[in-house]
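The following paragraphs lead through a model with more than one chain, moving between single residues, sheets, cores and the contact between chains. Please keep the sequence and the coordinates at hand while reading.

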Amino acid sequence: MGNHSDGSPNHSGTVATAGQNAVEKFQDPGLPPHRLRLADTDPRAAKRAERQVAILFGISVIGTVIFLVSYFAIDLHTDGSIATIRTQNLLLGLGTAFAMLGIGTGIVHWAKALMPDHEVSEERHAIRTEEDRQAAVRIVDDIVEETGIKRRPLIRNTLLGAVALAPLPALAVFGDLGPRPDDKLAHTMWAPQDGKLKRLTRDPDGTPIKASDVTIGSAFHVIPEGLNELPEGKLSAKAKAVVLLMRLNPEDLTISKGRETWNYNGIVAYSKICTHVGCPVALYEQQTHHLLCPCHQSTFDLTKECKVIFGPASRPLPQLPISVDAEGYLVATSDFKEPVGPSYWERDEHERLINS
Amino acid sequence: MSASSTAEVPFTAKTKVGRITDFVDQRVGGSGILREFGRKVFPDHWSFMFGEVALYSFVILLMSGTFLTFFFDPSMAETHYSGSYTPLYNVEMSVAYNSSLNISFDIRGGLFFRQVHHWAALLFVASLGVHMLRVFFTGAFRKPREMNWVVGGVLLILAMAEGFTGYSLPDDLLSGNGLRIIDGVIKSIPVIGTYISFFLFGGEFPGTAIIGRLYVLHILLVPAMILLMIVIHLFMVVVHKHTQYPGPGRNDGNVVGYPLGPVYAAKAGGFFFIVFGVVALMAAMFTINPIWNYGPYDPSPVSAGTQPDWYIGFVDGALRLMPGVVNDFHFEYIIFGHVLTLNVLLPALVPAGIIFTVLFTYPWIERWITKDDREHHVLDRPRNAPTRTAIGVAGFTWYCVMWAAAGSDLIATHFHVALNDVTYWLRALFFLGPVFAFIVTKRVALALQRKDREIALHGRETGRIVRLPHGEFIEVHAPLNDYKQYRLVGFESPVPLPAEPNEHGVVTRKEKRRAALSRWFFEDRVAPATPAELAAAHSHGHHEAIESGDEQRTLSH
């Protein structure tokens, strides 16, 4: 490539090289001469600057007063309306802003207009001196020598072994931060309890849903029966069990082998937990029959058993097998046939466990 | 002791402050420190203030955060809201969310402090980022400051961790969904992911432990580490003395600027109040994180357009850009009966991994390529290091593409375009954007160098058009004074360093690679003008304007 674009005129065959000045360079002319400010030459300008600084400090005092007045004069307890809180927030903020900006701009103006503005040049010193370096190296050598660690490898090796193992208890003590995962992620609340199938109920009030309530095109946010009555771990149970319930024209559904009995007259239930990283797949596009996750825009096609048609998810949403009970309420005929939510290392193992 | 001997010195301070200083000094012996620092010279430039903004926002964070801890209760126990915000009256929620609402609505100034804290946090990470860009583009990371650059990188990671743990604390719907995404990402980690998730959340997500644990990290562990890193950072700044921009009178052997006392201290101290004032102004007038609109965390609902705080955006954007399925190819594998979910793992770890690896190692990479072991205290103007500047802009562009992707849904709704198209375009830009940015930036930098050269050789345009006796029109150029001239010519312009044999006379493969990189770095270059060239340009006399046109062609062919 040569010097084809080195920018030197075509007669110049030489270029400046790092560190070695093959070519004569411009000499550093030194610091430019200092220019006096107006306040340096004109006492009236200096006086004016002084007054300006004082005014800025005065503004700060006003800001502090605004803060104190709005803190004590506005009482949230007699009138806790949003408008009051907003007004107080604004006044406290403006008071603080004036108090701070007054001091800040005042000091900076003082420094720029009235304090000496001569630039000073100071020598840099070497970070270390050669003498120090040699002394330090000698000290380190002596220390190593006096310990005799080189001559006694037995001591060295046992020490290394001990030090390498010593942190293990520090790791082990975190063992009780949480329980072992075991197969907890494989099951949800939908599993029939004592042979009784769980009803699909509305989120959040927990009222059961009749198949006849679900008209074509409608969608329900669903939780399992009994979730709200759980004494503890309600949110953790809900985080796995939430379901979306929709009704489509049965002809629109593509049903794979083994899932023929999982829907009821075109009513289908799918896990609401995205298979990507677990956000609730909360958006149902009624016209296109697409489910969309608002977090990362994974899109699932409801007519194709929630196959991924766009976005970062890689697996379809798990389907919940449903039917109706004697009273006409929708029930889950079993738990999900695969773990819900984001993928994890043992997921495939759990899926086999569920289906065995 | 020695105090008595000091007292005998017939020296009395002129001012009261001086006498107090003397009193303290006689008891603690601080005069050595004061002598060293009292008049220490600091160079002045607007771009040096980003680091100051970061430091001051951190101080504001410590102060406002301490206030908030007096009222915040990080418990996930269930309670029913009974405060003054009526829309949530009697809603079941965690104690943490309840206390966050109480801070906002029932404690005077609580909302203000919450907003100051959140705005200052956003400003803290932003100023850190801009400060690091400044350091990168001016080459301030070069010897002897490589380690301080690394400390800065660690600070950036800590700041992001501090921010994430912080905005998860109120336990509102938005932050709960953020935690859920983190849980999903953790679960994708091979072998130990599920265990980490269970250990972090104390069982299954969301459990009842996470807020308390994040709280300890947020108010104790991470801030302590940030504080430690800041101390190390500033200590090294003192050891190295500050860098300075190139210019007349400035070189690697000196430092030109204002003495710490009084001018620099006044400006820097005053600037703290200005930063505080601006943060207060934002907190007064702009709502940030209105948790009362989101409601308590519940795994079922989610609001559309959810986004993390801006600095986590690039990771979230990467998660959005990665396709899970391409045609029928799934990015989730099952190997030996275990699930490897690359559609989560890759975007969560790889871009951030690449960015921080390059960031941490860049000083050593450039040092290896240039074989430059000298100390550098004078900064580079970004245009005078075209390849480095281009690398920086390429990286920044890559980051920005991912960051923009975190708002893909909002881009789609605001500009009325299809969400899918936004994602497709951003996927393309993810790969092409950095390449394009590199090429454009390098060309721009070289063009700016040529312009500098042009001005140095032919003076500045005066705008005065003169007609010559034979009818030709020329524009008169005025020569620069020595100081302005030196600003344009006083820089180093390294040439490619060819491969050199080692002590055995062998040119190793590694050395050849280094030479290739050196060529890539420096082969396109615009050398600074030399006095000889200036003399030649002047001898052209009245034909300057025409000549400069010719030369432009020579320079850019």
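Helices and strands are here DSSP runs numbered from the N terminus, a helix having at least four residues and a strand at least two. The model is a predicted one. With these terms, Leu253(A) can be placed in the loop that links β4 (243–247) and β5 (267–271) of chain A. Is Leu253(A) buried, exposed or partly exposed? A residue counts as partly exposed when its number of other C-beta atoms within 10 Å falls between the limits of 12 or fewer for exposed and 20 or more for buried. Leu253(A) has 16 other C-beta atoms within 10 Å and is therefore partly exposed. Apart from neighbours within four places in sequence, Leu253(A) is in contact with Leu248(A), Asn263(A), Gly266(A), Val268(A) and Thr303(A). Ala239(A) is 14 residues from Leu253(A) in sequence, and the two C-alpha atoms are 27 Å apart in space.

The strands on either side of this loop, β4 and β5 of chain A, are members of an open sheet of seven strands in chain A, whose order is β10-β5-β4-β3-β2-β12-β11 and whose pairing is antiparallel. At the edges of the sheet stand β10 (319–320) and β11 (322–324) of chain A; each has a single partner strand, so one side of each has no neighbour in the sheet. For β11(A), three bridges in the antiparallel sense connect the strand with β12 (residues 330–332) of chain A. Within that pair, Val324(A) has Leu330(A) of β12(A) as its bridge partner. Strands of a sheet pair through backbone hydrogen bonds, either parallel or antiparallel.

On a wider scale, the domain assignment divides chain A into domain 1 (38–113) and domain 2 (184–355). Between the C-alpha centres of these two domains of chain A the distance is 58 Å. Val140(A) belongs to helix α4 (residues 130–147) of chain A. Why does Val140(A) count as exposed? The cut-off for an exposed residue is 12 or fewer other C-beta atoms within 10 Å, and Val140(A) is exposed because it has 10 of them. Val140(A) and Gly311(A) lie 171 residues apart in sequence, with 59 Å between their C-alpha atoms.

Chain B is built with 21 helices and ten strands. Along the principal axes, its C-alpha atoms fill a box of roughly 90 × 85 × 65 Å. Of its 557 residues, 44% count as buried. Among contacts in chain B with a separation of 6 or more, 73% join residues 24 or more positions apart.

An unreviewed UniProt entry lists the feature "transmembrane region" for several spans of chain B, including residues 344–365 and 424–441. In the model, residues 344–365 of chain B are 100% helix and 0% strand, with the end C-alpha atoms 30 Å apart. Residues 424–441 of chain B are likewise 100% helix and 0% strand, and their end C-alpha atoms are 25 Å apart. The unreviewed UniProt entry also gives "domain: Cytochrome b/b6 N-terminal region profile" at residues 20–246 of chain B. That span of chain B is 68% helix and 4% strand, and its end C-alpha atoms lie 40 Å apart.

How do the two chains meet? The contact involves 93 residues of chain A and 115 residues of chain B. On the side of chain A that touches chain B, at least two residues each come from α3 (82–113), β1 (120–123), α7 (234–241), β9 (307–310) and α8 (347–355). The largest share of that side, 18 residues, is supplied by α3(A). By type, the residues of this side of chain A comprise 49 nonpolar, 26 polar and 18 charged. Strand pairing also crosses between the chains: β1(A) runs antiparallel to strand β4 (residues 254–259) of chain B and is joined to it by four bridges. In this pair, Ser121(A) has Val256(B) of β4(B) as its bridge partner.

The largest nonpolar core has 175 residues, among which Leu200(A), Val243(A), Leu245(A), Phe124(B) and Val279(B) touch the most other members. Helix α6 (residues 110–137) of chain B contributes the largest share of this core, 15 residues. A second, separate core has seven residues, including Ala456(B) and Tyr486(B). Returning to Val279(B), its contacts beyond four places in sequence are Ile60(B), Val116(B), Trp119(B), Ala120(B) and Leu123(B).

Methods: Residues numbered from 1 in each chain as written. Chains lettered and ligands numbered in written order. Predicted model: local features only at pLDDT ≥ 70, side-chain atom pairs only at ≥ 80, totals over all residues. Domains from an automatic or database assignment. Core = buried A, V, L, I, M, F, W, Y, C linked by C-beta atoms within 7 Å. Contact = placed C-beta atoms within 7 Å. UniProt positions renumbered as here; feature names shortened; annotations may be inferred. Nonpolar A, V, L, I, M, F, W, Y, C, P; charged D, E, K, R; others polar. Pairing = 2+ DSSP bridges.
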